[in-house]
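Please look over the sequence and the model below before reading on. The text after them is meant to be read with both in view.

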Amino acid sequence: MIGMTTGTGMANGTKWKKEGIQGSLGQQAVHGPDKSGILGVYSVFSPENFERLTGIMYKKPVEAGSMLYWEGDTADRLYFLAKGRVKVTKSSDDGRTFTLSLHQAGDLFGQLDPFQNSVHACSAEMTEDGEIGIIQRKDLEVLLWQHGDLAIEFMRWMGLVHRITQTKMRDLMMFGKPGALCSLLIRLSNSCGVDQNGAIRLDIRMNNSEMADMIGATRESVNRMLNDMKKDGVISMDGGTITILNLPYLRGVCRCESCPKEICRM
């Protein structure tokens with residue numbers, strides 16, 4: 001494991017290397033010609049302001065299984081995911097772990113309260129080998145003071161994060177476990193879905209226990225609900241890969257409000 005949130009830019013004895021906007025953390029990663037898979041930074045920050053952010057990032061390759069931060073660590077930096085995937089989790093008192101979010105390339109994430117000290121309420125783990133850019137709070141504060149338009153876009157990003165959280169809570173609490181599971185499948189289709197002649201194949205392999213951790217259910221109940229959907233022709237399953245065949249059915253169960261994809265996502 002890599003202790004990414006302790007010290008002042010040190011991980012496994014290696015100092016983070018600060019780089020400019022060139023390379024995989026640069027403008028091409030987010031504002032290049034292929035924007036279809038970017039739901040995070042691109043929807044909020046202008047190319048000019050994203051360039052300013054990359055100018056204060058510290059680039060770091062990270063291996064799968066490495067922890068970016070633990071619950072209770074000081075929340076003094078943000079993370080830009082240039083490559084790979086990250087899951088954000090929360091542990092309960094009885095030892096169970098719940099998955100709150102899944103992040104993909106192009107996402108900016110992390111719990112950061114500008115101009116005040118706080119600690120992380122959850123943990124973040126790399127699920128694939130990848131590369132991140134770290135923005136330290138002190139550097140971000142200076143940038144926000146200097147550029148009012150960036151400060152406005154940063155508040156817009158914080159509002160986007162809050163809206164994502166609010167809609168997840170709505171889907172988890174108002175329509176029972178079937179509604180929560182249908183909402184999860186819709187969010188996964190927006191985050192990592194691949195169109196296949198009208199059907200949507202989820203480009204992520206996930207077992208029933210992992211899906212249960214995302215909606216606060218048991219593995220057995222998720223297995224039963226998925227089998228019912230399969231019998232009704234709503235989904236198909238092949239070796240752990242789920243394909244959505246009837247998206248309107250899922251939207252009906254969770255009373256989908258047709259939120260934009262930057263909101264309806266994992």
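The paragraphs below go from the whole chain to a sheet, a helix and then single residues.

This is a predicted model, in which local features need pLDDT of at least 70, side-chain atom pairs count only at pLDDT 80 or more, and totals for chains, interfaces and linings use all residues. Residues are numbered from 1 along each chain as its sequence is written, and side-chain values use heavy atoms, with hydrogens and water left out.

The protein has eight helices and 15 strands; helices (H or I, at least four residues) and strands (E, at least two) are DSSP runs, numbered from the N terminus. Of its 266 residues, 48% count as buried, where buried means under 20% relative accessible area, exposed over 50%, and partly exposed in between (1.4 Å probe, protein chains only). Among contacts with a separation of 6 or more, 72% come from residues 24 or more positions apart; contact means heavy atoms within 4.5 Å.

Confidence is given as pLDDT, the predictor's confidence in each residue, from 0 to 100. Its mean over the protein is 82, and 84% of the residues reach 70 or more. Among the elements, S10 has the highest mean pLDDT (96) and strand S1 (residues 10–11) the lowest (34). The pLDDT is below 50 over residues 1–39, a stretch that has 98 contacts in the model beyond near neighbours in sequence.

S10 also belongs to an open sheet of four strands, in the order S5-S10-S7-S8, with antiparallel pairing. Two strands pair if DSSP finds at least two bridges between them. Strand S5 (67–69) and strand S8 (97–104) each have a single partner strand and stand at the edges, so one side of each is left without a neighbour in the sheet. From one strand to the next, the twist averages 30°, with axes taken as lines fitted to C-alpha atoms, for helices over the stretch in contact, and angles running from 0 to 180 degrees between N-to-C directions. S5 and strand S10 (residues 123–126) run antiparallel and are joined by two bridges; methionine 67 has glutamate 125 in S10 as its bridge partner.

Turn next to helix H3 (residues 137–146), where Arg137, Asp139, Leu140, Glu141, Leu143 and Leu144 are buried. Their cover includes helix H2 (47–54), strand S4 (58–62), strand S6 (77–83), strand S11 (130–136) and H4.

Helix H4 (residues 148–174) holds lysine 168. What is the nearest side chain of opposite charge to lysine 168? It is aspartate 107, 9.2 Å away, and lysine 168 is buried yet has no salt bridge. Lys and Arg count as positive and Asp and Glu as negative, while His and the chain ends are not counted; a salt bridge is a side-chain nitrogen of Lys or Arg within 4 Å of a carboxyl oxygen of Asp or Glu. Leaving aside neighbours within four places in sequence, lysine 168 is in contact with Leu100, Ser101, Arg187, Arg265 and Met266.

Lysine 83 lies in strand S6 and counts as exposed because its relative accessibility is 54%. Its C-alpha atom and that of aspartate 107 are separated by 9.5 Å, the two residues being 24 apart along the chain.

Two residues have unusual backbone angles to check. Asparagine 197, in the loop between strand S12 (193–196) and strand S13 (199–202), is a residue other than glycine with a positive phi, near 55°. Arginine 255, in the segment after helix H8 (247–253), is not a glycine either and has a positive phi of about 55°.
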